[in-house]
Amino acid sequence: LKSYIKDRIQEIWSEKDPKEQRAKTAEIFNLQDGSGVCRESLLVDYSFLTLLHAYQRQYSRNQTKFFYELMCALKELIADPKSTLEQAITYLKGILLTPLADNKSAATRKSGKEISEEEVKEEAGKSDMKSQDASPSIFTHSQIKGIIDYVKSKLFSHFWLYKAAFSEEFHQERK
């Protein structure tokens, strides 16, 4: 998320009506929200629902940024005509779960004994702020589980629909 967009996200929630919130999302991301089903309209929905999930779970600005960028990366992966659902799942696991396992195993190797999740988070918190902004360590385990559940229900269950909607190859075949 570009910083000027990140700074404007709160404007979405100042609107009371969900239709107005969605319209504000389109304005902020400079997307044309036409009537009917079109790629731009789906992008507005995708962005709005992603940000709504973060808002409803009271994510911090950095958590919202990480989550939104993760969802954009998954959308780009799905748009690749050669990508598969299995690749998308592997990518999600790699982004969310591998760094946490690496943090814990590195901390365990360092001390020579098993340590608690809180100690892993504390150790991760001592790291450079830039890397922390782009790391799943800014989430609790329950939040990561919530992200996985969201991605499974909202994105992976509609994998082929999103592939058709966002793939350039699909749009060229339709012309």
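**α3 and α4**

I began with the pair α3 and α4 in this predicted model. Helix α3 covers residues 39-56 and helix α4 covers residues 61-79. I found that their axes come within 10 Å and cross at roughly 145°. I noted the handedness as well: α3 passes α4 in a right-handed crossing.

I then listed which residues make this contact. From α3 they are L43, Y46, S47, T50, L51, H53 and A54. From α4 they are T64, F67, Y68, M71 and K75. I sorted the contact of α3 with α4 by class and got seven nonpolar, four polar and one charged residues.

**Y59, in the loop between them**

Next I looked up Y59, whose place is in the loop between α3 and α4. Is Y59 buried or exposed? I read a relative accessible area of 10% for Y59. Buried means under 20%, so Y59 is buried.

I asked which residues Y59 touches, leaving out those up to four places away in sequence. The list holds H53, A54, T64, F67, F139, Q143 and I147. Of these, H53 and A54 of α3 also take part in the contact between the two helices, as do T64 and F67 of α4. I checked Q143 separately: it lies 84 residues from Y59 along the chain, and the C-alpha atoms of the two are separated by 9.1 Å.

**α1 and its cover**

I moved to helix α1, residues 3-14. Its buried residues are I5, K6, I9, I12 and W13. Where on the helix do they sit? Seen down the axis of α1, they fall within an arc of 100°, so they line one face of the helix. I also looked for what covers these buried residues, and the cover includes α2 (18-28), α3 and α4. The pair I started with therefore turns up again here, as part of the cover of α1.

**The whole chain**

Last, I took the totals. I counted 11 helices and zero strands in the chain. From the N terminus on, every element I wrote down was α. The chain has 175 residues, and buried residues make up 37% of them.

I looked at how far apart in sequence the contacts reach. Among contacts with a separation of 6 or more, residues 24 or more positions apart account for 57%. The contact of Y59 with Q143 is one with a long separation, at 84 residues.

For the surface, I noted an accessible total of about 10,600 Å² for the chain. Carbon and sulfur atoms hold 53% of that surface.

Conventions. Residues numbered from 1 in each chain as written. Predicted model: local features only at pLDDT ≥ 70, side-chain atom pairs only at ≥ 80, totals over all residues. Heavy atoms only, no water. Axes fitted to C-alpha atoms, helices over the stretch in contact; angles between N-to-C directions. Helix = DSSP H or I, 4+ residues; strand = E, 2+ residues; numbered from the N terminus. Left-handed = near helix turned anticlockwise from the far one by under 90°. Contact = heavy atoms within 4.5 Å. Nonpolar A, V, L, I, M, F, W, Y, C, P; charged D, E, K, R; others polar. Buried < 20%, exposed > 50% of the residue type's maximum accessible area, 1.4 Å probe, protein only. Arc of directions from axis to C-beta. Areas by Shrake-Rupley, 256 points an atom, 1.4 Å probe, with all protein chains shown as cover.
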